[in-house]
Amino acid sequence: QVMRRLASLPGRAGRDVIIRHVLAAGEQRLLNLAVNLLVRRTDGVSLRFVCGPSALGSYHAHSMDSWASEAIRSARNPAVVPYLLEVAADRRAKALVVGLATRLAAELSPNDPRVAEAAFRAARDKRHEARYLGLEALGHVGTPEAIEVVLDAAKNDRDAWLLSLMYSPTG
């Protein structure tokens, strides 16, 4: 209840308390609630925090997903796409973070040319986690060029194929 009230406060006060809580909290349920509240806000600081490398990088074991990506997906807030694209373009970010940001951007805005560009870039990444998630993003983009790259990878990219077996819901 307290966190919901904080999230409804305009301006920095509530947002900053929630962000500090997310950084300090150890209880997964409260982390999930805080991120879910932040992703629904419209200010850039909240969205940059939720879409940033530290939030996206705290992924579940045996999964290519994170608590932040689940919140971003469920909020369906298109305002996060520019922040996701910032992370997707960051060459210093971990491969999994780049891939997650790219895939989430493609899920939220598959027709955006900037998203398609990021997906093609991730699909060409040397790091296999970014490449695999970039290929998933291209599937969301769905253009003939994107599908061609996905089909080529299915035939020729052994690492991406193995990752798809390891992390697919049925794998």
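Angles under 35 degrees between helix axes count as roughly parallel, and I set that cut-off down before opening the model, which is a predicted one.

**Entry 1: the helix pair H7 and H9**

I looked up how H7 and H9 pack, and I found an angle of about 25 degrees with the two axes 11 Å apart. With the cut-off above, I therefore enter the two helices as roughly parallel to each other. I also noted the hand of the crossing, which is left-handed where H7 passes H9.

Which residues of H7 meet H9? On the H7 side I listed Val81, Leu85 and Ala88, and on the H9 side Arg114, Val115, Ala118 and Arg121. As a reminder to myself, an α-helix has 3.6 residues a turn, so residues three or four places apart point the same way.

I then checked how far H7 is covered, and 6 of the 8 residues in this helix, which runs over residues 81–88, turned out to be buried. The buried ones are Val81, Tyr83, Leu84, Leu85, Val87 and Ala88, so that list takes in Val81, Leu85 and Ala88, the residues of H7 that meet H9.

**Entry 2: the chain as a whole**

Stepping back, I counted 12 helices and 0 strands in the protein chain, and the pattern read along the sequence is α-α-α-α-α-α-α-α-α-α-α-α. Of the 171 residues in the chain, 49% are buried. The chain exposes about 9,100 Å², and I noted that carbon and sulfur atoms supply 56% of that area.

I also looked at how contacts are spread along the sequence: among those with a separation of 6 or more, 61% are between residues 24 or more positions apart.

**Entry 3: salt bridges**

How many salt bridges does a search of the whole structure find? The search gave 10, and I went through several of them by residue.

The side chains of Arg48 and Glu86 meet in a salt bridge at 2.8 Å, N to O. Arg48 lies in helix H4 (residues 44–51) and Glu86 in helix H7, so this pair ties together parts that are 38 residues apart in sequence. I checked the accessibility of both partners, and Arg48 is partly exposed with a relative accessible area of 42%, while Glu86 is also partly exposed, with 43%.

Arg114, which I had already listed on the H9 side of the helix pair, has its side chain in a salt bridge with that of Asp112 at 2.6 Å, N to O. Here I found Arg114 partly exposed at 45% relative accessibility, whereas Asp112 counts as buried at 13%.

The side chains of Arg127 and Asp125 form a salt bridge at 3.0 Å, N to O. In this pair Arg127 is partly exposed at 26% relative accessibility, and Asp125 is buried at 7%.

Finally, I recorded a network of salt bridges that links Arg73, Arg103, Glu107 and Glu136.

**Entry 4: loops around H7 and H9**

I looked next at the loop between helix H6 (67–75) and H7, where Arg76 is found. What caught my attention was the backbone of Arg76, whose phi is near 50 degrees, a positive value in a residue other than glycine. For comparison, most residues other than glycine have a negative phi. Arg76 counts as partly exposed, at 47% relative accessibility.

Is Ser109 buried or exposed? Ser109 sits in the loop between helix H8 (95–108) and helix H9 (113–123), and I found this serine buried, with a relative accessible area of 19%; the cut-off for buried is under 20%. Leaving aside neighbours within four places in sequence, Ser109 is in contact with Val81 and Val115, and I recognised both from the H7 and H9 lists, Val81 in H7 and Val115 in H9.

The last loop I looked up lies between H9 and helix H10 (128–141), and Arg124 has its place there. Arg124 is exposed, with a relative accessible area of 61%. I also noted the spacing between Arg124 and Val149, which are 25 residues apart in sequence and 9.5 Å apart in space, taken from C-alpha to C-alpha.

Methods:
Residues are numbered from 1 along each chain as its sequence is written. This is a predicted model: local features need pLDDT of at least 70, side-chain atom pairs count only at pLDDT 80 or more; totals for chains, interfaces and linings use all residues. Side-chain values use heavy atoms; hydrogens and water are left out. Helices (H or I, at least four residues) and strands (E, at least two) are DSSP runs, numbered from the N terminus. Buried means under 20% relative accessible area, exposed over 50%, partly exposed in between (1.4 Å probe, protein chains only). Contact means heavy atoms within 4.5 Å. Accessible areas come from the Shrake-Rupley method with a 1.4 Å probe; for residues, only the protein chains shown count as cover. A salt bridge is a side-chain nitrogen of Lys or Arg within 4 Å of a carboxyl oxygen of Asp or Glu. Axes are lines fitted to C-alpha atoms, for helices over the stretch in contact, and angles run from 0 to 180 degrees between N-to-C directions. Angles under 35 degrees count as roughly parallel, over 145 as roughly antiparallel, 65 to 115 as roughly perpendicular and the rest as oblique. A crossing is left-handed if the near helix is turned anticlockwise from the far one by less than a right angle, and right-handed if clockwise.
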